[in-house]
Amino acid sequence: MSLLEIDNLQTHFFTSGGVVKAVDGVSYHVNRGEVLAVVGESGSGKSVTGLSVMGLIDAPGRVVGGSIRFDGREIANLPSHEMRQLRGARIAMIFQDPMMTLNPVLRVDTQMVETIHAHRDMPKQEAWALCRDTLGRVGIPAPDERMCAYPHQFSGGMRQRVAIAIALLNKPDLIIADEPTTALDVTIQAQILHLMQGLVEEDGTGLVWITHDLSVVAGFADRVAVMYAGEIVEQATTDGLIEAPQHPYSRGLIGSVPSRNRRGARLAQIPGGAPPAVNRPVGCRFAPRCAYRMEGCAAPQVLRDNVRCWRAADLPAFEEVLA
Amino acid sequence: MVYVIRRLLQAVFLALVMSFLVFTGIFAVGNPVDILIDPEATQAERVRLIAQLGLDRPFHEQYLIFLGNVLQGDFGNSFVYNRPALGLILERMPATLELAFAAIVIAVVLGIPLGMYAGLRPGSAGSQAVMAGSILGFSVPNFWQAIMLIMIFAVMLGWFPVSGRGQVGEFFGVRSSLFTLNGLQHIALPAINLAIGHLALVIRLARSGTQEVKAQDFIRFARAKGLHESRIVLVHLLRNILIPIVTLVGMSFGGLIAFAVVTESIFAWPGMGKLIIDSIRQLDRPVVVAYLIVIVVIFIILNLLVDLLYSLIDPRIRLDGAKQ
Ligand SMILES: Nc1ncnc2c1ncn2[C@@H]1O[C@H](COP(=O)(O)OP(=O)(O)O)[C@@H](O)[C@H]1O
Ligand SMILES: [Mg+2]
């Protein structure tokens with residue numbers, strides 16, 4: 001049994017402009033101690049999927065269908081007080097912009113200690129010491145002093161480390177990291193990536209790493225789920241996906257990563273943009289941008305052998321395409 | 001420390017400028033002699049009195065004499081009461097201060113929760129009622145509200161006295177009518193009357209602040225940490241909406257003290273407002289000048305307090321006013 005199993009999840013926003021089907025039939029799973037990367041263009045529904053798992057979808061949005069099983073238990077429509085007990089304790093989440101995720105007017109120690117006390121009783125000194133040790137663990141120098149500082153006294157990378165420390169405090173089974181390095185410099189990005197990799201390995205934590213940048217994934221994630229327009233179009237091991245992507249969209253993504261291209265060759269680019277979430281094509285949602293499009297693509301696509309493309313088996317091998 | 005000293009110097013300068021403006025303004029308004037002197041008085045008596053009051057000297061001399069006296073704490077004697085003007089004002093200040101204080105407490109204690117509620121549950125029936133009420137509080141004239149309050153709660157229901165200040169009690173050396181039941185009964189209606197406009201303002205500020213802050217990432221992160229909703233609202237949200245409210249409260253407290261005139265008149269509240277209206281009517285120059293300078297000083301002190309409070313509420317604001 002997997003730690004997290006999402007099955008045919010549908011999360012829709014009922015706006016005045018129509019129903020936004022942000023997540024429309026997403027399925028993926030994560031095992032204990034495993035790193036799953038969720039990759040896709042921005043707007044494809046990666047964040048909304050993560051927030052649905054956390055029970056943090058606000059009106060006008062709602063999980064309208066599908067199931068989310070965490071540790072064998074259905075949590076898609078849990079009463080809010082039970083969901084609160086899971087959040088921050090067994091499932092933690094880290095967000096994209098470290099400048100915005102810490103409360104600007106509260107000291108770091110306040111924001112850490114409260115995370116412990118929301119879930120268990122612990123004497124204040126003990127909680128404080130645990131928080132300080134965790135700050136040390138995520139590589140913040142002089143944690144004793146930094147505990148008493150305010151967020152604006154940290155750099156962006158250090159703030160993200162604080163957020164990571166907060167996520168680790170209650171030893172969660174699962175961490176959902178929503179583009180935690182996107183807002184950071186490349187060197188800091190690599191540091192954070194390395195840090196997270198070490199931490200989840202030590203604790204045996206499952207990790208969902210959401211990113212729109214496929215180049216981050218290699219050597220880090222065990223498996224990759226590729227998301228497009230509210231659904232998963234392909235799932236594979238990281239090596240498998242990078243070596244032999246099946247779905248035309250995955251091929252496009254991999255082709256557009258600079259290191260894959262031969263020196264001097266033009267960077268491949270997927271033409272066009274993702275369809276609006278309000279009014280999507282009935283059949284394959286990628287068809288309008290797909291180089292291999294045929295008439296049969298107008299029919300709804302199902303995930304077969306982890307690829308949502310009825311022609312996947314007929315397409316030319318990936319290396320041939322690149323050549 | 002440097003900051004505080006600089007602020008104090010600014011304050012002194014401001015007080016000086018204000019004293020000059022006030023003095024000039026009052027000089028231009030009219031000659032008090034016409035009112036003060038018995039029309040039957042002889043020309044000799046007239047001249048003698050004018051000389052005694054110093055009104056025969058040129059303007060700049062009058063001002064310098066006045067300034068010298070003020071620096072010694074002497075604002076001159078009231079023409080009307082023939083007593084020190086400052087004493088007259090300070091005598092009536094506690095009544096006005098306690099009235100303004102009570103009004104502010106009402107505005108804040110009711111306004112923040114109501115505004116936050118309206119911001120957290122927009123569109124609910126309760127929040128629409130709150131917003132409708134706040135529009136009403138804005139738009140209905142103050143004196144009319146006062147008359148309605150008196151009619152309903154004093155005359156028809158008889159819950160509160162119609163006018164006046166109640167018994168004064170003492171608590172830790174502070175004397176105020178807020179410390180006796182009788183005093184509270186007396187202050188209730190005028191304080192509510194004075195509070196309504198500001199209550200409406202606090203509600204709007206708290207609501208718009210709440211709507212803005214609740215959409216921020218750090219609130220979402222706080223929820224992701226599994227915090228109780230009450231802690232998110234009372235600590236994470238509240239702390240972040242306080243700055244504009246503190247500004248409003250600081251500014252309107254000064255305003256309440258300075259302009260409680262209407263309320264004090266209607267409820268026969270023995271405060272500074274009534275004194276100043278009478279003094280203006282009688283061109284009682286020393287009292288008006290002393291009053292205006294006292295008000296200026298109060299405003300300056302409040303400003304300083306508001307700035308200090310800022311830096312307590314928001315660590316990003318340093319005392320020299322720069323935002324990091
Ligand atoms: N509160 C909301 N109201 C309406 N639409 C929303 C809301 N939140 C997200 N969406 C829509 O859901 C879609 C997916 O968003 P998101 O999950 O944030 O994408 P990403 O893959 O970049 O994380 C987008 O089209 C976005 O416009
Ligand atoms: Mg996103």
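This is a short dialogue on reading a predicted model with chains A and B.

Reader: Let's start with chain A. In what order do the strands of the open sheet lie?

Author: Happy to help. The open sheet has 4 strands in the order S2-S1-S4-S5 of chain A, and their pairing is antiparallel.

Reader: Which are the edge strands?

Author: Look for strands that pair on one side only: here these are S2 (18-30) and S5 (73-74) of chain A.

Reader: How many bridges join S1 to S4 in chain A?

Author: Strand S1 (residues 4-15) and strand S4 (residues 61-70) of chain A are joined by 8 bridges, and the two run antiparallel. For one place to look, find A:Phe13, whose bridge partner in S4(A) is A:Gly61.

Reader: Where does helix H1 of chain A lie?

Author: Helix H1 (residues 46-54) lies across S1, S2 and S4 of chain A, and runs at about 105 degrees to S1(A).

Reader: And what does UniProt place at residues 4-254 of chain A?

Author: An unreviewed UniProt entry gives the feature "domain: ABC transporter" for that span. In the model, residues 4-254 of chain A are 35% helix and 28% strand, with the end C-alpha atoms 27 Å apart.

Reader: Now chain B. What does its secondary structure come to?

Author: Chain B has 13 helices and 2 strands. Its C-alpha atoms fill a box of roughly 85 × 55 × 40 Å along the principal axes. Of the 324 residues in chain B, 42% are buried, and carbon and sulfur atoms account for 68% of the chain's accessible surface of about 16,600 Å².

Reader: Which residues of chain B does the "transmembrane region" annotation cover?

Author: According to the unreviewed UniProt entry, they are 99-120, 141-162, 187-206, 241-269 and 289-313 of chain B. Take two of these spans in the model. Residues 99-120 of chain B are 100% helix, with end C-alpha atoms 32 Å apart. Residues 289-313 of chain B are also 100% helix, and there the end C-alpha atoms lie 36 Å apart.

Reader: Finally, how do I read the interface? What is the area buried between chain B and chain A?

Author: The size of an interface is often given as the accessible area lost when the parts come together. Between chain B and chain A about 2,300 Å² is buried, and carbon and sulfur atoms give 59% of this area. B:Phe221, B:Arg223 and B:Lys225 supply 28% of the area that chain B buries against chain A, more than any other three residues. Counted by contacts, 21 residues of chain B touch 28 residues of chain A.

Definitions and conventions:
Residues numbered from 1 in each chain as written. Chains lettered and ligands numbered in written order. Predicted model: local features only at pLDDT ≥ 70, side-chain atom pairs only at ≥ 80, totals over all residues. Heavy atoms only, no water. Pairing = 2+ DSSP bridges. Contact = heavy atoms within 4.5 Å. Axes fitted to C-alpha atoms, helices over the stretch in contact; angles between N-to-C directions. UniProt positions renumbered as here; feature names shortened; annotations may be inferred. Buried < 20%, exposed > 50% of the residue type's maximum accessible area, 1.4 Å probe, protein only. Areas by Shrake-Rupley, 256 points an atom, 1.4 Å probe, with all protein chains shown as cover. Buried area = accessible area lost by both parts, 1.4 Å probe.
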